[in-house]
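Student: I've got a chain here that I'd like to walk through with you, bit by bit. Can you put it up so we can both look?

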Amino acid sequence: MIAGACSATLDFTECYEDADCAAFFDDNKPMYCAANVCKIRENGCDANSQCAGLGEAYICATSSAPRECASTESDECGAPIYPGGEISDDVAFIGVMLPKTGADADLGLEMEKGVLAAVEEFNASGELPNGDKIALVVCDTKSEVASATSAARHLGDTLTIPVLIGPADDVEFTAVVDQVTFAQGVNAFTMGPMITADMRELDTSTGSGLVFQAMAGAKYQGPALGERIGADFAGDPTADAILLLSEDAYGLSLYKAVATEETTPSQIPQVPGSQFIASYRGLDDATKGAKAKLDTALKTFAEPPMLILLGRSEVAEIIEYYKTTGAPLPQKIYVSKRAMPAVAALEDPELAGIVVAIAPDLETPQLAKLRTRLGESNLAPEGALAYDATMASLFGMAAVKSGDIVVGLRVADAFKKLSDKAGTPVDFGAGPKMFVPAALTAFQSSKTVDLVGITGPLDFDASGEVCSPIAAYTLDAEGGWVKSAVYTPACPDTTGTWAPVP
């Protein structure tokens, strides 16, 4: 049966040009006018505009042969966002997965600002070697793993979009990498905007290095935490520690990076005293929950000098529960980046000077410039991470050899051209009218570039991770975070030194 966006009958002898057949399709294959008759394009669509008759969400997808029109919309994903808001055939698509609803919705909102700004600035200042601009499909992970993987399958499998940005959450991102990135027919370049978890064990299916991370992850945060503990408790052999970690990709990655002493279980070598170490699942389970594990730990160390909590937003609830146990507050409570917003939201003055967060140092002069450029004076650093992840990915696409189709494997390989200290300097803090053409000109001349992102140098190492400074943030009485020291790794080495903030 031949039908269009609505059920209708067409006198096929009446067509005079392809536009007369634009609203009619056969199994999502568009039609064209030949000898005054609408005929099926047996080779399928070859342009997004040919699919417009089915609705604004339809694009010419590459997931089948012949190519068919497919809708970008799903339970998680929206209509395509084209440059200038008009359907275009001269675009390459990227897929974006962020938490627009659910527990991390505020984070997703800030990160979406960064993604959209990067795409807009790239399109206004340059294009891919074949003249294409960038269009995108944005999906809502709903702050849950099932929706994240569903969105990724739609983007990577149904639509065969070669470049994926996100998800933002470590557990969601790990699931996407594990289940979708390397799936047959997908092999998508996958960029994590703020991922801490170690992806090296997953990114081995093709030996291609398809997975990249725009923020210094556990590999750098773990050693920084260990050295911070060593500095804070140097010379105190009674400094015992309770360490609780979430039993997921986030907590386990941080634990493995900081607990490098070969014991059973592995311990943090810089802790002078003894250590109680346990993983948890959730808060309230009678045997596996964090509260139960903390109760057990306090039977071993009734007055622990330090509490190390490697988890996400639930860390705030663990701290609240600790205060109900009757145990005195530790001298230091160490937390990681994903716990910072929830801990700050406690607004508990008793925690001032005690809670220390070890997290990437993202407050840079470039961030101030981006905020001014976008008219977003309060843009969160996470929005800048999303900007960096997106702009770097677009440059990876632009660095693919002219004439080659942009696919995930080629984008990943092209990233070798983006982190060369001897290459053309490309600073995202400068105006896009300056740095975008500078990078594109270098690629056209088969040269490399040295990227400095909004959040710092984007020195992607051999495993696709960024090596950059880590900061110690101390909680103040108003629930704010004050940067007190900075750890500078000897990139690409993870070893480094702490220095106080002047």
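Tutor: Sure, and keep in mind that this is a predicted model. Let's start with one alanine: Ala 135 touches Ile 81, Tyr 82, Pro 83, Val 91, Ala 92, Phe 93 and Ile 94, leaving aside residues up to four places away in sequence.

Student: Is Ala 135 buried or exposed?

Tutor: Ala 135 sits in strand β8, which covers residues 133–140. Its relative accessibility comes out at 0%. The cut-off for buried is under 20%, so Ala 135 counts as buried.

Student: What distance separates the C-alpha atoms of Ala 135 and Ala 414?

Tutor: Along the chain, Ala 135 and Ala 414 are 279 residues apart. In space, their C-alpha atoms are separated by 20 Å.

Student: On to the cysteines. How many disulfides does a search of the whole structure find?

Tutor: Count the bonded cysteines along the chain and the pairing reads 1-3, 2-4, 5-7, 6-8, 9-10, 11-12. The search over the whole structure gives a total of 6.

Student: Take Cys 21 and Cys 38. Is their disulfide left-handed or right-handed?

Tutor: The two sulfurs of Cys 21 and Cys 38 are 2.0 Å apart. The torsion about that S-S bond is about -90°, so the link is left-handed.

Student: How many residues apart in sequence are the parts that this pair ties together?

Tutor: Cys 21 is in the loop between β1 (3–4) and β2 (24–26), while Cys 38 belongs to strand β4, residues 37–40. Both Cys 21 and Cys 38 are buried. As for the spacing, the parts tied together by Cys 21 and Cys 38 are apart in sequence by 17 residues.

Student: What about Cys 45 and Cys 60: is that disulfide left-handed or right-handed?

Tutor: Here the S to S distance is 2.1 Å. Cys 45 is in the loop between β4 and β5 (58–60) and Cys 60 is in strand β5, so to speak distant parts of the chain, 15 residues apart. The torsion about the S-S bond of Cys 45 and Cys 60 is about 95°, so this disulfide is right-handed.

Student: Is Cys 60 buried or exposed?

Tutor: Its partner Cys 45 has a relative accessible area of 2% and is buried. Cys 60 has 6% relative accessibility, and with the cut-off at under 20%, Cys 60 also counts as buried.

Student: And in the disulfide of Cys 467 and Cys 491, which cysteine is partly exposed?

Tutor: Cys 467 and Cys 491 are joined with an S to S distance of 1.9 Å, and at -85° about the S-S bond the link is left-handed. Cys 467, at a relative accessible area of 3%, is buried. A relative accessible area of 36% falls between the cut-offs of 20% and 50%, so the partly exposed one is Cys 491.

Student: Last topic, helices. Is α4 parallel or oblique to α5?

Tutor: The axes of α4 (residues 218–232) and α5 (residues 249–258) come within 7 Å and cross at roughly 55°. Roughly parallel would need an angle under 35 degrees, so α4 is oblique to α5.

Student: How many residues of the contact of α4 with α5 are nonpolar?

Tutor: On the α4 side, the contact residues include Ala 218, Pro 223 and Leu 225. Among those from α5 are Leu 254, Ala 257 and Val 258. The contact also has 4 polar residues and 1 charged, and the nonpolar ones number 6.

Technical notes:
Residues are numbered from 1 along each chain as its sequence is written. This is a predicted model: local features need pLDDT of at least 70, side-chain atom pairs count only at pLDDT 80 or more; totals for chains, interfaces and linings use all residues. Side-chain values use heavy atoms; hydrogens and water are left out. A disulfide is a pair of cysteine sulfur atoms within 2.5 Å. Helices (H or I, at least four residues) and strands (E, at least two) are DSSP runs, numbered from the N terminus. Buried means under 20% relative accessible area, exposed over 50%, partly exposed in between (1.4 Å probe, protein chains only). Axes are lines fitted to C-alpha atoms, for helices over the stretch in contact, and angles run from 0 to 180 degrees between N-to-C directions. Angles under 35 degrees count as roughly parallel, over 145 as roughly antiparallel, 65 to 115 as roughly perpendicular and the rest as oblique. Contact means heavy atoms within 4.5 Å. Ala, Val, Leu, Ile, Met, Phe, Trp, Tyr, Cys and Pro count as nonpolar, Asp, Glu, Lys and Arg as charged, and the others, Gly among them, as polar.
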